[in-house]
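Student: Could we go through this model together, with the ligand surroundings as a starting point and the sheets and helices after that?

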Amino acid sequence: MAVDVLKRIPVREQDPKVRATNFEEVCYGYNQEEAMNEASRCIGCKQDKAKCITGCPVNINIPGFIAEVKEGNFEAAFKVIGESSALPAICGRVCPQESQCEGKCIRGLKGEPVSIGKLERFVADWAKENGIKPVPADSMNGKKVAVIGSGPAGLTCAGDLAKLGYDVTIFEALHKAGGVLSYGIPEFRLPKDAVVAKEIENVKSLGVKIETNVIIGKSVTIDELLEDEGFEAVFIGSGAGLPMFMNIPGENANGVFSANEYLTRNNLMKAFRDDYATPIARGKKVAVVGGGNVAMDAARTALRLGAEVHVIYRRSEEELPARKEEVHHAKEEGIIFDLLTNPTEILVDENGWVKGIKCIKMELGEPDASGRRRPVAVEGSDFEIEVDTVIMSLGTSPNPLISSTTIGLDTNKRKCIVANEDNGQTSKTAVFAGGDAVTGAATVILAMGAGKAAAKGIHEFLSNK
Ligand SMILES: Cc1cc2nc3c(=O)[nH]c(=O)nc-3n(C[C@H](O)[C@H](O)[C@H](O)COP(=O)(O)OP(=O)(O)OC[C@H]3O[C@@H](n4cnc5c(N)ncnc54)[C@H](O)[C@@H]3O)c2cc1C
Ligand code: SF4
């Protein structure tokens with residue numbers, strides 16, 4: 001097949017009408033021929049000059065792995081990616097490549113950038129299907145490290161330390177490992193058994209132990225881990241799981257959920273499946289308030305559960321923080337976007353259930369501190385939308401349990417743990433941190449980058465002890 005170097009090899013996806021009624025994965029990914037053809041579009045910029053590498057927060061040798069894909073050497077490609085990333089099948093699916101590696105790809109100057117994310121996904125899936133595993137350390141060094149949280153930050157830190165010979169135990173509060181990958185991002189974007197569980201198995205194959213149902217700060221404290229349990233260092237990757245609300249009238253009504261709770265019921269506790277007993281509100285008309293990835297996931301989940309869904313966002317489409325691909329998919333599936341609109345009250349019936357949402361129209365004013373134009377209410381433009389369920393998706397902050405039970409651990413005014421960006425060191429000796437617990441809600445790859453930096457920091461600290 002002749003390849004038009006200016007255009008991407010299209011990726012096959014489930015038909016929007018069909019997928020709006022099921023929870024199966026939207027995107028099918030590339031097959032071998034498609035992957036090799038797409039790889040042939042890469043001009044193989046020199047490693048020290050390749051802009052895509054600088055755009056990747058964990059600096060994957062992108063031209064290196066793509067060159068192997070082009071030749072059909074998929075195992076070699078997997079090894080190149082594995083030098084920098086422990087979770088490629090996940091990153092290939094959920095990373096915001098358009099603003100990272102692909103956003104910098106030289107091919108994008110004239111034509112479409114190389115589909116780096118889809119190629120990464122192809123390589124990781126191929127390795128999974130062919131039973132290729134990462135290589136564990138030759139010998140152990142006898143030093144114990146505790147990792148709190150099994151999200152991308154914790155898994156990456158644990159995997160990197162295990163490769164260096166450390167005896168690593170991850171303590172996870174929930175009954176299942178994976179953090180947001182397991183409880184937040186829906187099955188139709190990130191399959192749990194076929195992808196997330198398999199990548200966690202890879203980390204475990206390096207020797208990492210995972211203890212679930214252990215809440216650090218309740219079951220045991222960080223000080224106890226260090227003083228009584230023989231751990232020489234601790235990494236905190238506990239994420240930012242505490243939802244924010246608008247504090248508007250009616251927000252306590254029955255039928256109002258945080259996106260976190262709504263998605264956890266579906267993803268972790270499988271409420272969408274008939275063979276699970278988890279209850280879920282199958283609203284007929286659902287409003288999702290917010291415009292990020294989490295809002296898109298909640299909206300598309302509600303749609304799949306049979307609702308008409310309105311996304312209510314106070315700025316315009318240009319400012320929607322969700323990935324463009326997610327917005328595109330949501331629109332294709334029939335989600336209604338009420339933009340430049342802000343809720344002012346949730347309307348409640350005589351039995352305490354949601355019956356509607358009162359909103360006001362907004363217009364964009366001068367840029368605010370974030371550089372985005374500030375939404376300003378248009379006086380007298382109030383209107384009501386009839387809905388029976390409201391899902392609040394306004395962001396999250398770190399749970400204060402760990403910081404409030406750990407002596408000498410500094411946090412900032414947003415309740416995020418203060419840690420050095422280069423090595424994860426916190427204000428407390430032997431305690432390191434990274435991911436959403438430090439930055440507030442961010443991305444999978446940034447959490448992985450922080451886990452990597454902290455693994456290096458912990459290794460340096462314990463090597464010099
Ligand atoms: C619905 C949703 C969709 C998203 N979509 C995307 C996307 O498309 N692309 C993207 O890049 N990012 C996305 N994100 C953001 C991304 O998932 C997070 O930035 C990332 O998971 C943060 O990783 P983490 O390891 O820091 O924390 P988490 O993934 O939150 O993991 C933290 C873990 O720590 C555990 N924990 C917390 N407290 C304790 C305790 N006291 N003791 C023991 N364990 C504890 C938690 O149970 C959890 O398992 C999304 C987030 C959500 C919620
Ligand atoms: S910038 Fe684009 S073309 Fe250059 S090496 Fe990276 S992926 Fe290939």
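Tutor: We can begin with ligand 1, which has 42 residues around it, where a residue counts as near a molecule if its C-beta atom, placed from the backbone, lies within 6 Å of it. The model is a predicted one, in which local features need pLDDT of at least 70, side-chain atom pairs count only at pLDDT 80 or more, and totals for chains, interfaces and linings use all residues. Residues are numbered from 1 along each chain as its sequence is written, while chains are lettered from A and ligands numbered from 1 in the order in which they are written.

Student: Which residues are the closest to ligand 1, and which elements give two or more residues to its shell?

Tutor: The closest residues around ligand 1 are Gly149, Gly151, Gly179, Gly239 and Gly435. Helices here are DSSP runs of H or I with at least four residues, strands are runs of E with at least two, and both are numbered from the N terminus. By that reading, the elements that give two or more residues to the shell are helix H9 (152-163), helix H14 (293-304), helix H16 (401-405), helix H17 (436-439) and helix H18 (444-463).

Student: How do the residues of the shell around ligand 1 divide into nonpolar, polar and charged?

Tutor: Ala, Val, Leu, Ile, Met, Phe, Trp, Tyr, Cys and Pro count as nonpolar, Asp, Glu, Lys and Arg as charged, and the others, Gly among them, as polar. On that basis the shell around ligand 1 divides into 23 nonpolar, 15 polar and 4 charged residues.

Student: Which residues come nearest to ligand 2, and which helix gives the most to its shell?

Tutor: Ligand 2 has 15 residues around it, of which Cys42, Cys45, Cys52, Pro63 and Cys105 come nearest. The shell divides into 12 nonpolar, 1 polar and 2 charged residues. Helix H3 (51-55) and helix H4 (62-70) each supply at least two residues, and the helix that gives the most, with 3 residues, is H4.

Student: Why are the buried residues of H4 on the same side of the helix?

Tutor: A residue is buried if 20 or more other C-beta atoms lie within 10 Å of its own, exposed if 12 or fewer, and partly exposed in between, with C-beta atoms placed from the backbone. The buried residues of H4 are Ile62, Pro63, Phe65, Ile66 and Val69. Taking the arc as that of the directions from the helix axis to the C-beta atoms, these residues are on the same side of H4 because they cover an arc of only 165°.

Student: Is valine 94 buried or exposed?

Tutor: Valine 94 is found in helix H6 (residues 88-94). Leaving out residues up to four places away in sequence, valine 94 touches Ile185, Arg189, Leu190 and Val444, contact meaning that the C-beta atoms, placed from the backbone, lie within 7 Å. Because valine 94 has 24 C-beta neighbours inside 10 Å, it counts as buried.

Student: In the open sheet with the order S8-S16-S9-S10-S11, which strands stand at the edges?

Tutor: Two strands pair if DSSP finds at least two bridges between them, and in this open sheet of 5 strands the pairing is parallel. Each edge strand has a single partner strand, so one side of each is left without a neighbour in the sheet, and these edges are strand S8 (256-258) and strand S11 (336-338).

Student: What angle does the direction of helix H13 make with that of S8?

Tutor: Axes are lines fitted to C-alpha atoms, for helices over the stretch in contact, and angles run from 0 to 180 degrees between N-to-C directions. Helix H13 (residues 259-267) packs on the sheet and touches S8 and S16, and its direction makes with that of S8 an angle of about 80°.

Student: Which residue is the bridge partner of asparagine 342 in S13?

Tutor: Strand S12 (residues 341-348) and strand S13 (residues 354-367) pair in the antiparallel sense over 7 bridges. In their hairpin, which has 5 residues between the strands, glycine 352 takes a positive phi near 85°. The bridge partner of asparagine 342 in S13 is isoleucine 360.

Student: Which residue of S14 stands opposite leucine 364?

Tutor: S13 also pairs with strand S14 (residues 373-377), in the antiparallel sense and over 4 bridges. The hairpin of S13 and S14 has 5 residues between the strands, and glycine 371 takes a positive phi near 90° there. Opposite leucine 364, in S14, stands proline 375.

Conventions:
Two residues are in contact if their C-beta atoms, placed from the backbone, lie within 7 Å.
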